[in-house]
Amino acid sequence: MQETLLNPLEQTLADGYAAGKSYRELGELVGLSHETVRIVLGRLGVPPRSMVIETPDREASAKRIKELRGRMGLSIDKFARFLTDLAEGHRLGIEVAYATIGYWERGDRVPTGLYLKVLELAEDVAADMGRK
């Protein structure tokens, strides 16, 4: 099997993503939108972080969601509405209910699929809020 050589931009994005940078951070670094970064990394075969977790740890997931909501300073109700609006803005076709946030934060359920995607987008927003 031949090894694929990456151009400098692709290598920068792959290395930055592997180092934990968000799509937004990488986009700012190289002058692209976060969606373009996501598409380029996807074409390189780099799985989204939300798909890397094979067996989610309920406690870690609950803690991560509680911390995200806390960083954003939102009540459960406002966080649910924010996630629903964010999903709508990205045409994900999902709604996040108040009860769902409670299930996630208690560790009763673990977000999957598009719910993980909207949480990843929310983490990007929270990171942007922290830089302002």
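Is Lys-117 buried or exposed in this predicted model? Lys-117 is buried, with a relative accessible area of 17%.

**View 1. Surroundings of Lys-117 in helix H8.** Lys-117 is placed in helix H8. With neighbours within four places in sequence left aside, Lys-117 is in contact with Tyr-23, Arg-38 and Leu-92. The lysine counts as buried because its relative accessible area of 17% falls under the 20% limit.

**View 2. The stacked pair of Tyr-17 and Tyr-23.** The structure holds 2 aromatic pairs. In the pair of Tyr-17 and Tyr-23, the ring centres are 5.4 Å apart and the planes stand at 10 degrees, so the pair is stacked. Tyr-17 is buried, at a relative accessible area of 7%. Tyr-23 is buried as well, with a value of 5%.

**View 3. The edge-to-face pair of Trp-104 and Tyr-115.** The rings of Trp-104 and Tyr-115 form an aromatic pair with 5.8 Å from centre to centre and 70 degrees between the planes. Distant parts of the chain are linked by this pair: Trp-104 belongs to helix H7 (residues 98–106) and Tyr-115 to helix H8 (residues 113–131), 11 residues apart. Trp-104 has a relative accessibility of 3% and counts as buried, whereas Tyr-115 is partly exposed, with a relative accessible area of 28%.

**View 4. Arg-109 over the ring of Tyr-103.** Arg-109 lies over the face of Tyr-103. The distance from the ring centre is 4.0 Å.

**View 5. Contacts of His-34 in helix H3.** His-34 is located in helix H3, which covers residues 34–43. The histidine is buried, and its relative accessible area is 13%. Apart from neighbours within four places in sequence, His-34 is in contact with Tyr-23, Arg-24, His-90 and Leu-121. Tyr-23, one of these contacts, is also the ring stacked with Tyr-17 and is in contact with Lys-117.

**View 6. Arg-71 of helix H5 and its contacts.** Arg-71 lies in helix H5 (residues 58–72). Not counting residues up to four places away in sequence, Arg-71 touches Glu-123 and Ala-126. The C-alpha atoms of Arg-71 and Met-129 are separated by 9.0 Å, and the two residues are 58 residues apart along the chain.

Methods:
Residues are numbered from 1 along each chain as its sequence is written. This is a predicted model: local features need pLDDT of at least 70, side-chain atom pairs count only at pLDDT 80 or more; totals for chains, interfaces and linings use all residues. Side-chain values use heavy atoms; hydrogens and water are left out. Rings of Phe, Tyr and Trp (its six-membered ring) pair if their centres lie within 6.5 Å; planes under 30 degrees apart count as stacked, over 60 as edge-to-face and the rest as tilted. Buried means under 20% relative accessible area, exposed over 50%, partly exposed in between (1.4 Å probe, protein chains only). Helices (H or I, at least four residues) and strands (E, at least two) are DSSP runs, numbered from the N terminus. A charge sits over a ring if NZ of Lys or CZ of Arg is within 6 Å of the ring centre and within 35 degrees of the ring normal. Contact means heavy atoms within 4.5 Å.
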